[in-house]
Amino acid sequence: MDSSRVFVNNVKRVIVKVGTAVVTRPDGRLAVGRLGALFEQLQELNSQGYEVILVSSGAVGVGRQRLRYRKFLNSSFSDLQKPQVELDGKACAAVGQSGLMALYDALFTQLDVASSQLLVTDNDFKDPEFRNQLCHTVNTLLALKVIPVFNENDAVSTRMAPYEDSSGIFWDNDSLAGLLALELKADLLILLSDVEGLYNGPPSDSKSELIDTYLKEKHDEKITFGDKSRVGRGGMQAKVKAAVYCATQVPVVITSGFTRDSILKVLQGKKVGTLFPTKRMMNEIVVSTKDINPRDMAVSARDCSRRLQSISSEERKKILLDIADALVANEAKIRAENEADVATAQQAGYEKALISRLTLKPGKISSLAKSVRVLANMDDPIGQILKRTEVADGLVLEKISSPLGVLLIVFESRPDALVQIASLAIRSGNGLLLKGGKEAMRSNVILHKIITEAIPTSVGKGLIGLVTSRDEIGDLLKLDDVIDLVIPRGSNKLVSQIKSSTKIPVLGHADGICHVYIDKSADMSMAKKIVLDAKIDYPAACNAMETLLLHKSLLNSSDIKDIIYELKTKGVEIFGGPIACEELSLPKAESFHHEYSSMACTIEFVDDVYAAIDHIHRYGSAHTDCIVTSDDEVSDIFLKQVDSAAVFHNASTRFSDGARFGLGAEVGISTGRIHARGPVAVEGLLTTRWILKGNGQVVNGDEGVTYTHKNLPL
C-alpha cells in the first residue's frame, strides 16, 4: 500500500461517480461491456461490507441518441434536407433516464444486488427537511445493502440551460457527487473519467505526467484544461472543481473508468489516479515524491541546510530539543503505526530477525528522545576552528569544521534509525534524504512528519526529505553534483548494489560478523557474561556476536561446556567449525563468513591469539571484535593487530554503538578506512574548510612575501 493512500484502511462509505464518457461509446450508445465490468466491482465492494453509492451521468446522452433515432425514423426525405435543430436537453434527459435505469437494474439483478433510483435537483437541497429525509432514506437503503443510484433530474431542473448554467448549489453530476459526499458523510469519493487522472499537460502528449497527489497551492495555476467532455457537460475541469470543493472534508480520487479494476485498486491503497487529500490528511501523509523531481528534492535539502547553518547555535539546539519533546508527546501515535507495520510484516511471513529490527520495543521512544537531547546539549560542531596558522605577516589561515552538504541514507527495517540519522543531520548542519524499507513505511511516515514539523519555516521542512518510492533511488544516485555522501544501512546485497550504481562516495558496512575470542587465561565467569550479552542482548544488531573463537586448551573445559549450555538454554542455535563440529557434536556451519542476525552463532577452536587474529581477518567484516583474557601481553597483541573498526578487551561487542560511545547517536557503522571508521556520528558527517584573512596581500610571484607558517593558538 502506498504511503499516501493508507487512509483507505478507514473507508466504509464510498461514492462512485461515472461520467457520460464512461457510460457511453463514442457513437452515443451505451457501453454495456464497460458498465458490466464497473458494476462487478461495485458488487464486490458491496459484498465486502462497503456502503456503496453510485452517482451517474449519461441520461441526456442516451436520450439524445434515442430521440435522434426516433426523429430520423419519422422524418421525410425533405425534412432531412432542412437544417437540423438541436434536441431539447430536458426532453433528452426525460427519455434517457428510464432507459439508463432499466439497464442498471438489469445489470445489478444479474449480480444479485438490489439498487434504487434517486433523482434530485439543486432546488431540493435548499430545503433542510429534504436534506434530513435524504440522509435517512440513504442510510436505510445502505443498511439493507441496497446501492442508491443518484442522478440530477435534468428534465425538471429550474435552470433553463443546465449544461451551461453553473449557478446553484450544484451545477453538474460531478458537483452533485461532491455535494452528496459531504451531505451523506462519505469516507471517499471516486470520480471516474476517460483518462487515468489529472495530468500536468494534455493526456495525449507523451511528455505529460500524471499528478499523483493534487496540491491546490502547487498545481492550481500550472494546469491548463482542454475541451469539456465529448458528450457530457463537464470534463476534467469540472471534476477538479468538484474534487477541490469536496476535499475540504472528504478525500477524492479521479481515475479511469476504462481501466480494469480501477475502483478496487483505489480501495486497495494502490497509487492509481490523482488523489485530492483533505487538509487533515496532508498533516498525516507524505505526498509522493514522484510529484517532486528527485533533483529538486536534493537541491531543496541543500538550500535548507545552508539556512540551517546560518542560524545560531542555540536555534539549532532548540530544534533538536523540540524534536525530542515531540517524540515523547506523540509516542502513542508512533507505536500505533509501528504495530501496524509489525502486524503486516508478520502476515507477510518476514523473518524474525527483520521483525525484531522493525519493532519499536517499550521504552524505545523515550530512549530515542534522550539520545536527541544528548546531541542537542553537545558542543556545536559547526564552524569550530581546528587550526590557526600565520602564513605570513598579517595573513592568518584557519581550518574550520563544516557540514558535508547533502546526505542520502538508505536503510532497511529499523524505524529508530530514521530518528538517529535525522537528529545527527540537524546537529551537523547537513541536508538529508531518507529512504526506508517498505516494511517500515507507516513508522517512517509518522516519524518523518513529527520531526519535520519541529523544523522552523526559517530553515524549511525540505531539510529532511522522505523518499517513498524505490524507483526514485536510481535517479537520486545519479545526482553526484548535488548529493555528497550515500550511507546504506542494510544487507550486503543492498550495500553492494548502491556502490555499483553511483559515483557518489558511499560510507558504510556490508556485514556485521563480530567475533569474541576467549583466550586460555580468560576469567571464565567474565567470559560467560560477555558471550551471553554479545549474542542475546539484541541478536539482530550488527554488533552482536556471530562467531565464538576458543583457545584450543579450552577444548575439554567445563566452563566452556557451561557457556554452550547457557547459550542453548537461552534459545541460541549453535553451529560448529570443523574442529568444534567434531569435538562437540555440533551441526556444521555452512560458512564462517556468515551474519546470522538471529539467535544463532558459530563456535570454533583456534591454536592461539595469532590464529584467532588470522581467522578474524580471513572471515570477519572489520566491524567489531573482542578478546577475553587476563594476559595483558596477549590483549595488547590482539588490540594492535586486529584490523577492525572497533576492537575490545574484556567487553561485549554490543558496546560498539554511537550512543554508548557517548556520540549521541550514529548514522551507521563504517568498516571502510577512508574518512570515518566505526560508529559514524556528528564528527563523521563533517569536513573542513579553509578561511584566509589578510589585509591586501598578493602573491606576485612570491616577491616580497616572507612565509612564517607559524602555529597560532586557537
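Q: Two strands count as paired if DSSP finds at least two bridges between them. In this predicted model, what makes strand β5 and strand β6 a pair?
A: Strand β5 (residues 188–193) and strand β6 (residues 252–256) are joined by 5 bridges. The cut-off is at least two bridges, so they count as a pair. The pairing runs in the parallel sense. For one bridge to look at, take Leu 192, whose partner in β6 is Thr 255.

Q: Which sheet has β5 and β6 in it, and why is its pairing called mixed or parallel?
A: That's an open sheet of 7 strands, in the order β3-β4-β2-β1-β5-β6-β7, and its pairing is mixed. Strands of a sheet can pair either parallel or antiparallel. From one strand to the next, the twist averages 20 degrees.

Q: What makes β3 and β7 edge strands?
A: Each of them, β3 (115–120) and β7 (274–276), pairs on one side only. Helix α6 (residues 128–143) lies across β1, β2, β3 and β4, at about 145 degrees to β4.

Q: How do you know that β16 and strand β17 pair?
A: Count the bridges: β16 and strand β17 (residues 600–606) have 4, in the parallel sense. At least two are needed, so this is a pair too. One bridge links Gly 576 with Ile 603 in β17. Both strands sit in an open sheet of 6 strands, ordered β16-β17-β15-β14-β18-β19, with parallel pairing.

Q: Why is one side of β16 and of β19 left without a neighbour in the sheet?
A: β16 (573–576) and β19 (646–649) stand at the edges with a single partner strand each, so one side of each has no neighbour there. Helix α22 (residues 558–569) packs on this sheet and touches β14, β15, β16 and β17.

Q: What makes a group of 53 residues a nonpolar core, and which members touch the most others?
A: Its residues are buried, nonpolar ones joined through side-chain atoms within 4.5 Å, so the group earns the name. Leu 327, Leu 432, Leu 434 and Ile 464 touch the most other members. Helix α17 (residues 416–428) gives the largest share, 8 residues. Apart from this core lies another, of 37 residues, including Leu 30 and Leu 107.

Q: How do you know which parts of the chain to trust, and where is confidence lowest and highest?
A: Look at pLDDT, which runs from 0 to 100. The chain's mean is 86, but helix α4 (residues 77–81) has the lowest mean, 57, against 98 in strand β14 (residues 514–518), the highest. Over residues 161–167 pLDDT stays under 50, as it does over residues 227–234. Where pLDDT is low, the predicted coordinates shouldn't be read in detail.

Conventions
Residues numbered from 1 in each chain as written. Predicted model: local features only at pLDDT ≥ 70, side-chain atom pairs only at ≥ 80, totals over all residues. Heavy atoms only, no water. pLDDT = per-residue confidence, 0-100. Contact = heavy atoms within 4.5 Å. Buried < 20%, exposed > 50% of the residue type's maximum accessible area, 1.4 Å probe, protein only. Axes fitted to C-alpha atoms, helices over the stretch in contact; angles between N-to-C directions.
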